[in-house]
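Please open the structure in your viewer and keep the sequence panel visible beside it. The tour below proposes a series of selections and describes what is found at each.

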Amino acid sequence: IRPMAKRSQGGEQRQSSRDENPFDGLGLAAFGALYASVVTAVVIAVLDTDLGRGLQEDLDAPARALVAGPVLALAAVVFIASVLALLLPGARDYLLRVAGMAGWLIPAWLLMAGLVLGGIAYALNSVD
């Protein structure tokens with residue numbers, strides 16, 4: 001998908017900014033790949049450390065999978081879209097939008113999961 005050429009005030013056609021600078025967006029794509037890698041490493045580290053082992057007493061495996069599974073899937077989407085944005089300059093805008101949306105869904109999903117699990121824990125403690 002190529003942006004249309006813009007008309008300047010004199011009536012002649014001017015090339016779009018993407019054609020002027022083909023490296024525009026490379027930093028954002030590289031940052032997206034780094035962000036996805038860090039999210040994956042943190043999720044695996046949390047589940048593999050003492051904190052994650054402490055979660056095994058409080059949360060069953062399906063509950064941990066319902067939290068970690070979508071986060072890892074979204075991190076994979078961010079990583080793949082960011083790497084493809086590095087390799088395919090013609091589709092960079094679209095791929096960066098996809099990576100951006102998936103990147104914002106990661107903290108949103110973690111926040112929603114934390115609120116739901118906290119609400120369930122509070123309800124179970126108040127029943128006892």
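The tour begins with the whole chain and then turns to helices and single residues.

**The whole protein**

Please display the entire chain as a cartoon, bearing in mind that this is a predicted model. The secondary structure amounts to 5 helices and 2 strands. If you trace the chain along its sequence, the elements appear in the pattern β-β-α-α-α-α-α.

Next, switch on the surface. The protein exposes about 9,000 Å², and carbon and sulfur atoms supply 69% of that area. Of the 128 residues in the protein, 22% are buried. Among contacts between residues at least 6 apart in sequence, 64% join residues at least 24 apart.

**Helix 2 against helix 4**

Hide the surface and select residues 26-48, which form helix 2, together with residues 61-87, which form helix 4. Two packed helices are described by the angle between their axes and the distance between those axes. At what angle do helix 2 and helix 4 pack? The angle is about 155 degrees, and the axes lie 8 Å apart. Helix 2 is therefore roughly antiparallel to helix 4, since angles over 145 degrees count as such. The crossing of helix 2 past helix 4 is left-handed.

Now show the side chains of the contact. On helix 2, the residues taking part include Leu26, Ala29, Ala33, Val43 and Leu47. On helix 4, they include Arg64, Ala68, Val71, Phe79 and Ser82. Colouring the residues of this contact by type gives 18 nonpolar, 4 polar and 1 charged.

**Two residues of this contact**

Select serine 82, which is found in helix 4. Is serine 82 buried or exposed? Its relative accessibility is 1%, so serine 82 counts as buried, the cut-off for this class being under 20%. Apart from neighbours within four places in sequence, serine 82 is in contact with Ala29, Gly32, Ala33 and Ala99.

Move next to alanine 68, which also has its place in helix 4. Alanine 68 counts as buried because its relative accessibility is 12%. With neighbours within four places in sequence left aside, alanine 68 is in contact with Val43 and Leu47. Use the distance tool on the C-alpha atoms of alanine 68 and leucine 47: these residues are 21 apart along the chain, and the separation of the two atoms is 8.9 Å.

**Helix 4 against helix 5**

Keep helix 4 selected and add residues 92-127, which form helix 5. Helix 4 and helix 5 pack at an angle of about 165 degrees, with 8 Å between their axes. The two helices are therefore roughly antiparallel to each other. Helix 4 passes helix 5 in a left-handed crossing. The residues of this contact divide into 23 nonpolar, 2 polar and 1 charged.

**A last stop in helix 4**

Finally, select leucine 87, which is found in helix 4. Is leucine 87 buried or exposed? Leucine 87 is exposed, because its relative accessible area is 60% and the cut-off for exposed residues is over 50%. Add alanine 29 to the selection and draw a line between the two C-alpha atoms. Leucine 87 and alanine 29 are 58 residues apart in sequence, and their C-alpha atoms are 9.8 Å apart in space.

Methods. Residues numbered from 1 in each chain as written. Predicted model: local features only at pLDDT ≥ 70, side-chain atom pairs only at ≥ 80, totals over all residues. Heavy atoms only, no water. Axes fitted to C-alpha atoms, helices over the stretch in contact; angles between N-to-C directions. Helix = DSSP H or I, 4+ residues; strand = E, 2+ residues; numbered from the N terminus. Parallel < 35°, antiparallel > 145°, perpendicular 65-115°, else oblique. Left-handed = near helix turned anticlockwise from the far one by under 90°. Contact = heavy atoms within 4.5 Å. Nonpolar A, V, L, I, M, F, W, Y, C, P; charged D, E, K, R; others polar. Buried < 20%, exposed > 50% of the residue type's maximum accessible area, 1.4 Å probe, protein only. Areas by Shrake-Rupley, 256 points an atom, 1.4 Å probe, with all protein chains shown as cover.
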